[in-house]
Amino acid sequence: MSDDKLILPLAAIRPDDIALAGGKGCALSRLDRAGFQVPFTMVVTTVAYQHFVDANGLQEKILLELNRKPFAEMRWEEIWDAALRIRGMFMNHPLPTDLDQALQQTLSPPFVDRPAVIRSSAPQEDSAGASFAGIHESYVNVRGHAAVLDHIRRVWASLWSDGALLYRQELGLAPESSAMAVLVQALVVGDYSGVAFTVSPMHADQSVIEAVPGLNQGLVDGLVAPERWILDRNTHAIVSHTAADRSQSVVPADQGIRVAALPDDAPQGLSSSTIEAVAALARRIESLFGSPQDVEWTVVDADITVLQARPVTTTAASEDDKRGWYLSLRRSYENLQQLRVKIEDDLIPAMIREAEELAAIDFAPFSDIELAAEVRRRVDRNQHWSNVYWADFIPYAHGARLFGQIYNDTIKPENPYEFADLLTDTPMASLKRNRHLEALAAGVRDVPGAADDLRRGRMDNLPASLRSSLDTFVAQYGTLSSGITGDSEGALTESTLVRLILELAARPGQSPARQSVDHEALVRRFIDAFSPEERDWAQSLLDLARSSYRLRDDDNIHLGRIEAQAHRAVREAAARLANDPTTEDADALREALSLMPPAKPAPTETAEKTAHGSGLQARQLVGQPAGPGLARGRARVVTAPQDLKAFQSGEILICDAVDPNMTFVVPLAAAVVERRGGMLIHGAIIAREYGLPCVTGVPEALQFIRSGDHVTVDGYLGIVIISPAAT
Amino acid sequence: MDAQETVRHHIHTLLTGQRLATLSTCSAEGHPYASLVAFDSDSDLSGMIFATSRATRKFANLSHQARAAMLVDNSGNVKSDIYAAMAVTALGVTTELTGAAEDAAVTRYILKHPHMAKFVQAPSTAVLRLAVDVYYLVNRFQKVMEYHVGR
């Protein structure tokens, strides 16, 4: 252990110390030596990172986490889950004593009364030949030694975030050789801050400067719209200026940053002389490094400080640069709040309204040609809402993830998924439906002879209240026969609904078996972990997360209703064609029907196919632990809605994914296994609501597990053990 | 390559790439015993050949209880073994080879283990074959696939 290399001042960093100080650290050191004004900076080197990792055996733990199954087979939700567990390792393992002491001795004195900026500086950032800007974390306005140490850990962990893992895979960089240096800098609070590109990505003869009032984080995080100047690259003459609304700026909060209204007496924009000075400064930096530079700067009065400089990796918009997509995996609190308003106030009410309008239309008066037009319209609306689903609803799911990350950073729980306990018990549409089902089952259970009457279709014999409740259920949710919400087919007696009520009624009455979690205590602990000034924000974050979590269930229900209405028109058109294939407008009907996407194909390789005549069986399959607990039982493989009808109490639900439109069997299940992966996917959420062991992300679940197999589900470790049924 | 072919390929690669296996036997009193043996395997995965002195504990155990297990793995005694290494456990019934079957097995055995020629040809050495019923292939720490030979 080389103690003298753990933490270094900028002056001790040489230009070729990339492996030790990372790209940013080396660049700042060069700027400092060349006489540019840079913030006071200490570099926590990659030696310190490696020492922390080695002392806690983290390298092996991380690689074990990432090698549970082939990386290419992991969905990004699973990668996020793995990243969350890895982040927990960095936050919860102790600093080695010598590193702790070295950090105390070198960082505490200079930052005892001085707010800090904690920046990532990974060696791969410059060796990759691709920009890592924004991929790793940086934190502005960190106060106090304990907070500085905490944020160093967060920057280390950001080397293993979902975005960073995916991006490195894209670039073909091996995770095992990754390391991270961290810059601990004095915070410089400028009047104005910005970025300068010495070469415009759009025009090689021009350079670009963008600026915002206050801290540069407003620009970097996209919180404040910047002013923009295009300059002649050689003369620095201003070619054009795009103004921006100067009403807000990002300023230091007690800890961290916040968006604040710009005071009336704030400086009225940057002078042209300051712009030219920034441009000239950026060109001198370009000369120093010998390549076009992306320079971050801040100005106090007329005094310019260089915050960082890095090479411009592309001088033209590159279609191959996927960084934007990886960055989109991380959404800010502010961005998510805006999305919430759009979804809750606009999109969801519009979906409900449209589904109701579509349901109210009677096709009987429609001519064939009118019906064909109606089918086309509904297919189009279904596609529209499907697009909205991907564009707005899926990104909004990040609200729960953002909360999870902040909860874990704040509380540092032993279980990295403890945060999910604060999100449960939220009113979800499918759970409301399940409660209605449970009430119907209780009604049947409590009235002698009711089960037999229901089974034999003697509905008139049922008590009036039970009959009324049953009618209400059918009116609201259908008979559950087709797997699409609101759809009803066939006789009620033969329906999945009646079969399910009888199965629920036959077992002892029980409410959703949530494990006893003191939600209120967890919420109190979370809120109390913040300063009094920050508690409203923490409560808002929790509200946002609950809304996001709930929507992962409700959006599917609402989308299902729209889809059901499209199917209703399709069925009507198909029936007319079947009735009279030679009708005058048959072609129009056929053409309209061809527009409806086919139902989701069944998995191409099911266990029945695989196991037939084969010597191969799975003994133990690996997924991700998504709901704690251990359960054994017979497997019930569900690949189509009609499979739900056979579901019996105590069986293990094996499926591609728990569709929100099939959650009604979950109360009967002993455990849930899904081919799709992720801790926060719908099935995992519902399984946890019922306290069921759950394993998700088992790629071969449908290939190797057959209905009737004896299955053990270990929801703690994320494994499924299979004993084939006797044949 | 379908799933079964993939698993067979992994097993075959492991058995041809490794020289030693851990043989598990059981005494007449029910005591388990494990020992390292040099082995060779049938290309169709139906059996594994090994040799032992007739004076050994394993030979005595197999004389009482012919059912046995063999473990073959490619771990390298490094930390990454836990997720990178692969292991195969073969379960089956052993028999001592004699006559032409023994001669053929010895020839093959010497091809893989030329330095063991004197040992395997000694009159006191027994050449045995584990007729494999099932293989358990373990990789990525906890994934276990079961391949039944001859089904």
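Start where the two chains meet in this predicted model: select S14(A) together with strand S7 of chain B, residues 143-148. The two strands run antiparallel to each other, paired over 4 bridges. For one specific spot, pick Leu616(A); across from it, in S7(B), is Tyr147(B).

Now widen the selection to the whole chain A/chain B contact. Chain A puts in 18 residues and chain B puts in 19 residues. On chain A's side, two elements give two or more residues: helix H3 (58-66) and strand S14 (616-622). You already have the top contributor on screen, since S14(A) gives the most, with 7 residues. Colour chain A's side by class and you get 7 nonpolar, 7 polar and 4 charged residues.

Next, hide chain B and look at chain A alone. Of its 727 residues, 45% count as buried, and the fold is built from 24 helices and 21 strands. If you like contact maps, take the contacts with a separation of 6 or more: 69% of them join residues 24 or more positions apart.

Colour chain A by its domain assignment. You should get domain 1 (3-186), domain 2 (192-313), domain 3 (333-423 + 516-594), domain 4 (429-506) and domain 5 (607-723). Note that domain 3 comes in two pieces of sequence, with domain 4 numbered between them.

Keep domains 1 and 2 of chain A. Their C-alpha centres are separated by 26 Å. Where they touch, domain 1 contributes 20 residues and domain 2 contributes 17 residues. On the domain 1 side, helix H1 (18-33) and strand S4 (138-142) of chain A each supply at least two residues. H1(A) gives the most there, with 6 residues. By class, that side of domain 1 has 12 nonpolar, 5 polar and 3 charged residues.

S4(A) leads to the next stop, an open sheet. Select its 5 strands in chain A and you can read off the order S1-S2-S5-S3-S4, with antiparallel pairing. Which strands stand at the edges? Strand S1 (7-9) and S4 of chain A do, and each has a single partner strand, so one side of each has no neighbour in the sheet. Ignoring direction, neighbouring strands are turned by 20° against each other on average.

Zoom in on the S1 end of the sheet. S1(A) pairs with strand S2 (residues 41-44) of chain A in the antiparallel sense, over 3 bridges. Ile7(A) is the residue to click, as it stands opposite Val44(A) in S2(A). Then add helix H5 (residues 97-111) of chain A, which packs on the sheet and touches S1, S2, strand S3 (116-121) and strand S5 (181-186). The direction of H5(A) makes about 40° with that of S1(A).

Last stop: the nonpolar cores. The largest has 131 residues, and the members that touch the most others are Ile501(A), Ile654(A), Val672(A) and Val673(A). Helix H20 (residues 535-579) of chain A supplies the largest share of this core, 11 residues.

Centre the view on Ile654(A) and show its contacts, leaving aside neighbours within four places in sequence. You will find Ala635(A), Arg636(A), Val637(A) and Val638(A), along with Val673(A), Ala701(A), Leu702(A) and Ile705(A). Finally, jump to the second, separate core of 92 residues, which includes Ala48(A), Ala83(A), Ile135(A) and Val250(A).

Technical notes
Residues are numbered from 1 along each chain as its sequence is written. Chains are lettered from A and ligands numbered from 1 in the order in which they are written. This is a predicted model: local features need pLDDT of at least 70, side-chain atom pairs count only at pLDDT 80 or more; totals for chains, interfaces and linings use all residues. A nonpolar core is a set of buried Ala, Val, Leu, Ile, Met, Phe, Trp, Tyr and Cys residues joined through C-beta atoms within 7 Å. A residue is buried if 20 or more other C-beta atoms lie within 10 Å of its own, exposed if 12 or fewer, and partly exposed in between; C-beta atoms are placed from the backbone. Two residues are in contact if their C-beta atoms, placed from the backbone, lie within 7 Å. Domain bounds come from an automatic or database domain assignment. Ala, Val, Leu, Ile, Met, Phe, Trp, Tyr, Cys and Pro count as nonpolar, Asp, Glu, Lys and Arg as charged, and the others, Gly among them, as polar. Two strands pair if DSSP finds at least two bridges between them. Axes are lines fitted to C-alpha atoms, for helices over the stretch in contact, and angles run from 0 to 180 degrees between N-to-C directions.
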